Amino acid sequence: MTAPQIIENILQALVAGVLVGSLYGLMCVGLALIFGVMRVINFAHGDFMMLGMYAAYYIFTALGIHVLFGNGFGPYVAAVLAGPLLFVVGYGIHRALISQVTGTRTLGLDGEGHYAQLVLTLGIALILQNGALIAFGSMPVSIRTPLSISAWELGPFWGDFVSVFINKSRGIAALISGVVIAGIALVITHSRLGKALRASADNPVAATYMGIDVDRAHRVAFGLGVAITAVAGGLLATTYPFHPFVGLEYVIVMYAGVVLGGMGSIMGAFWGGMTIGLVQQMSTLVLPTQLQNTAIFVMFLLIVFLRPQGFFGRVVERT
Amino acid sequence: MRQDRSLLAILVFAVVYAALSLTVTNSYYQLMMTLVLVWATMGLSWNLLSGYTGLVSFGHAAFFGLGAYTVALAQNYFGLSPWISIPIAAVLGGIAGLVVGLPTFRLRGHYFALAMLAYPLALLYVFEWLGYQEVSLPMERVHPAAYMQFSDGRIYTFIALVILVLVMLVTRRVERSRFGLALMAIKQNEAAADAAGIDTLGWKLRAIALSGMIAGGIGGFYAVVLLVVTPIAVFGMLVSAQALTVAMFGGVGTVWGPVIGALILIPVSETLHAELGAWVPGIQGVIYGCAIIAVMIAAPEGLFWTLRDRFFKRAPAAAAEAPPPSPENVVAWSAQRPRRTVGDEVILDVKGLSKSFGGLKAVQDVSFQVRKGMILGIIGPNGAGKTTVFNLLNGFLVPDTGEVLLNGRNIVGRKPHQLCAMGMGRTFQIMRPFQRMTVADNVLVGAFVKAATDEEARRLAADAIRRVGLADHADEIAGGLATRQLRLMEIARALAGQPEILLLDETLAGLGHGEVDDVIAVIRRLADEGTTIVIIEHTMQAMVRLVDHFLVLDHGAVLVDGEPEAVTRDPQVVEAYLGKKWGAYAHN
Amino acid sequence: MLTIDRLDAAYSVLPVLKGVSIEVAAGQFVAIVGPNGAGKTTLFKTISGIVIPSAGRLVFDGQDLMSVPPSARAHLGIAHVPEGRQVFPSLTVMENLEMGAYTAAGRRAWRSNLDMILTLMPVLAERRHQPAGTLSGGQQQMLAIGRGLASAPKLLMLDEPSMGLAPAMADFIFERLIDIRRQTNLTILLVEQRVAEALETADYGYVLETGRVVLEGTNATLRADDRVRQAYLGM
């Protein structure tokens, strides 16, 4: 392999890492929002993302989005529309189930309360995965867009030797992800809702004294977190095929990103997810593809052991 | 007698199950009879770690899968019979437990659960990458029995039953030994367990090793039963989830919970899978999911405990004790503090102790001495640094500067359980008794640190219970005790470790006036019997009747150190408690 | 304005309040004093709905508080300045004050309230864009009080505003309370360990000891009563 080829490979992996990393970052933001506000680790988060993928798929095919917006941009419109739909789903599931074991009624509990929350979301994960299997079947599906087989070319640099290709489909997905992240950041920092969510995260009891309905704030945060990750899922579905158990493949990516970003820090989670994407893509330069996920798990374990407070953002874990 | 009855129950269960399985001839139902036992065993494995210690594992599939692959690969590559490779699988599972436990026990709560999840998933991809997508156990035609291959499915059921009964007996034995008590103490309050002389990391490692052994062994047996091993079937999420679900559904922290859970859930889900699996492929997972959610919401402790509590209702706590007489005018008490004589021998010498958290100086240059047989009261307003001083003394915290000499030896830097063994006993402000255990068993936890045998521990515990005056309540369940008795039980637990010096953290909090007098009398008697006592309290009220000497802390520093009479008249103390301007009024 | 009638409350197994009755009239400044562990903070948490009483009655402004969920109580006009400040550490000073003004009344009076708060405690204006977690203890206490005022409350409840503060800072905080009282004529319920300062600023006082009201009276009566000292010091 010549030097320009090596450089080209590295640059190409870097670009691929940024593209997939921006989607991972979006997923992680959804999980981090839930963890940051509620201190609940949502075990079913990958499966909500899977629901987002199917939602985008059916919105695209069944709701006639492909007719309205065409096959090129329709999938992205569908992915974004999956957000509000999954918000309702997340909000509803929180209200019906998760609020039974979380929120103000468990403020006084320490160890035992969290235990119940973790296990409850595990139950939800099992129902979502297997329910999806019943509803959608086990055949992998994908949302096809003609953009996924065309690319923008950057370069050539270094004379004529090095050029980098950006897949159009992934490029647009990354752009949309950036816009969504920016929107979320604005809402969290400047809106009354965002401030109320942060206040509830900082100190739920004091937030109650301010007149903030912390249980409702939790429901909104849960719905929002699910919706954000669902959009990420919808965007991911434009390039990767998916199936009912796809959530498991991403759930560790999300945990790793969130822990890396400093549990609960929202922008930290984005950079954490981005880092995971880069590591994953760069690892393909040296590792067989099947071990990509193992590389992520090993990295995740290393982060948890060496620096559980994360690399980005502040330490927010109480006690 | 109670022990014999529970042993009998296990035997009766085994006989009934064996008899039942003899009547089953349909091979599908035979398999199901076996699988119930496999998952009950797996649930017990999970229960041994997570049920008793409270550290939730989402990764038991790692041990199970390693066991299954050990057996499958050993037969394929080395022609090893499962009769030999299943024990090997168990040993490997145990080793895997240690390897996983050593780093992972540094984590708590969420982090522990998440890290445990990563192990089986990482292994799953590794085994796929190694090319073991599907490993079959070869049929042995010459000596099938030597390779654990039988045409009669009922034999598998019997083997599984033997394994399950063994595991139940082991679990039962663990539960009743200092091992189980140590694990339960960790679950209630790891810090308190540490302070009671329990080597928490050591016991947790033993628990995960034993748990890994059971999971590895039953995983190996599972490979034999199904004859084919795939990564997803043995390392998949459903394996860990199933272990957790049968245990939580049936009830955690008991031998019977996982067995009951498996007996109900496995047949239901298997039958549905068989009947409807063709049309509704994910029905099993949905059943487990619903079971978990239903249990968490309706009976968070599992069927066993919920039913037990319902059918063996105990007398309500309030009725257990007549209210102590309490004078209406609470301010006017009259008991006088008798003078006590205290020797000159200094057993605890604290020199220049300081500790900061971030910028906050929690304890600044605190020095004091405790003489043998003395009752020292440490008082001060909220946030004065009292509990921090205790945490520095018993090893929860390491001071930034200063020395703590216990009988002349500097103990700074030693671990709480080591200090407990050296004679530093302590109680906690927040009581967390084992609600379902008897007073005697609650106290027993504290006795092991000084006892070589279980009998000796029981003797020490009984002695401690007698000394605090709870002998009549020794066999009652802690959940039914009143506050005063709980406080005394806490003291007894600390006493059972034969401490030279006993640190009491707000033992009088939340007690009514008559109750305070009772507890004070007990503490004073302990001091008369030779135990040295240091007690924290933020109210001075009761303390002036109890202590020989006061140490008043304010903003982390020693404000005054002196006899009770002098301290209560000290203007600085009056100011710290009543405000600067009080002195001015009092003098007017 | 606030009637507390024979209230009982418990924390898991520990009974904390036993038959506490307290009356706060509109415009009155009432202090509840007593040694630590007397149940003062629990009493406040019961009023705010964080602790559910086991018996007794709570009436605020003619309304039975038991039927009002905790988060709705602030909207009735109860501002709780909790023990140990409990500001929102990751929010800036201004955002903390905005959260104080989460109620409709607080939003309506936001401009004038903000002026008053920043004039009373100018240090908050200096630090307005700083995260509250980086403030000193005394500054956090001022912020907590400011946050309470920002809700334009009918009743301001202060839980141990002097706790953990250096004496000079505690004095400063008490002076601010006197200013606030003079400027707004708010109804104030103060819980304090430091009896002298608390009684000096208040119109009427209650002495709470191990969950019971053992004495009550006007400032002058209580100051003259040696039983107050006994409740604290035991002799």
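# Notebook: chain contacts and helix packing

I looked up the salt bridges between chain B and chain A first and found a count of 0. I note here that the model is a predicted one.

**Entry: chain B against chain A.** I then listed the residues in contact and got 42 from chain B and 43 from chain A. For the buried area between chain B and chain A I have about 3900 Å². Carbon and sulfur atoms account for 82% of that area. I asked which residues of chain B lose the most area to chain A. They are His110(B), Tyr111(B) and Tyr125(B), and together they make up 19% of what that side buries.

**Entry: chain C against chain A.** I ran the same look-up for this pair. Here 23 residues of chain C are in contact with 18 residues of chain A. The buried area is about 2000 Å², with 60% of it from carbon and sulfur atoms. On the chain C side I noted Phe88(C), Met99(C) and Tyr102(C), which supply 30% of the area that chain C buries against chain A. No other three residues supply more.

**Entry: salt bridges.** I counted 2 salt bridges between chain C and chain A. One that I looked up pairs Arg198(A) with Glu95(C), and its closest N and O atoms are 2.9 Å apart. Over all chains the structure holds 20 salt bridges. I placed the two residues on their helices: Arg198(A) is in helix H6 of chain A, residues 192–202, and Glu95(C) is in helix H3 of chain C, residues 93–100, so the pair joins two chains.

**Entry: H6(A) and H3(C).** I followed the salt bridge to the helices that carry it. How do the axes of H6(A) and H3(C) cross? They come within 10 Å and cross at roughly 95°. I therefore recorded H6(A) and H3(C) as roughly perpendicular to each other. From H6(A), the residues that meet H3(C) are Arg192(A), Lys195(A), Ala196(A), Arg198(A) and Ala199(A). On the H3(C) side I have Glu95(C), Glu98(C) and Met99(C). Sorted by class, this contact has 5 charged and 3 nonpolar residues, and no polar ones. Met99(C) had already come up, as one of the three residues named for the area that chain C buries against chain A.

**Entry: H7(C) and H8(C).** I moved on to a helix pair inside chain C. H7, residues 137–150, packs with H8, residues 167–184, at about 20°, and the axes are 10 Å apart. I therefore wrote H7(C) and H8(C) down as roughly parallel to each other. Their crossing is right-handed. H7(C) brings Gly138(C), Gln141(C), Met142(C), Ile145(C) and Leu149(C) to the contact. They meet Met169(C), Phe172(C), Ile173(C), Leu177(C) and Ile180(C) in H8(C). My class count for H7(C) with H8(C) is 8 nonpolar, 2 polar and no charged residues.

**Entry: H9(A) and H10(A).** The last pair I looked up lies in chain A. H9, residues 246–260, and H10, residues 266–283, pack at an angle of about 125°, and their axes are 7 Å apart. Left-handed or right-handed? I have the crossing of H9(A) and H10(A) as right-handed. The angle makes H9(A) and H10(A) oblique to each other. Val253(A), Ala256(A), Gly257(A), Val258(A) and Leu260(A) are the H9(A) residues in this contact. Opposite them in H10(A) I listed Ala269(A), Gly272(A), Gly273(A), Thr275(A) and Ile276(A). By class I got 6 nonpolar and 4 polar residues, with no charged ones, for H9(A) with H10(A).

Technical notes. Residues are numbered from 1 along each chain as its sequence is written. Chains are lettered from A and ligands numbered from 1 in the order in which they are written. This is a predicted model: local features need pLDDT of at least 70, side-chain atom pairs count only at pLDDT 80 or more; totals for chains, interfaces and linings use all residues. Side-chain values use heavy atoms; hydrogens and water are left out. Axes are lines fitted to C-alpha atoms, for helices over the stretch in contact, and angles run from 0 to 180 degrees between N-to-C directions. Helices (H or I, at least four residues) and strands (E, at least two) are DSSP runs, numbered from the N terminus. Angles under 35 degrees count as roughly parallel, over 145 as roughly antiparallel, 65 to 115 as roughly perpendicular and the rest as oblique. A crossing is left-handed if the near helix is turned anticlockwise from the far one by less than a right angle, and right-handed if clockwise. Contact means heavy atoms within 4.5 Å. Ala, Val, Leu, Ile, Met, Phe, Trp, Tyr, Cys and Pro count as nonpolar, Asp, Glu, Lys and Arg as charged, and the others, Gly among them, as polar. Buried area is the accessible area (1.4 Å probe) that two parts lose on being put together, summed over both. A salt bridge is a side-chain nitrogen of Lys or Arg within 4 Å of a carboxyl oxygen of Asp or Glu.
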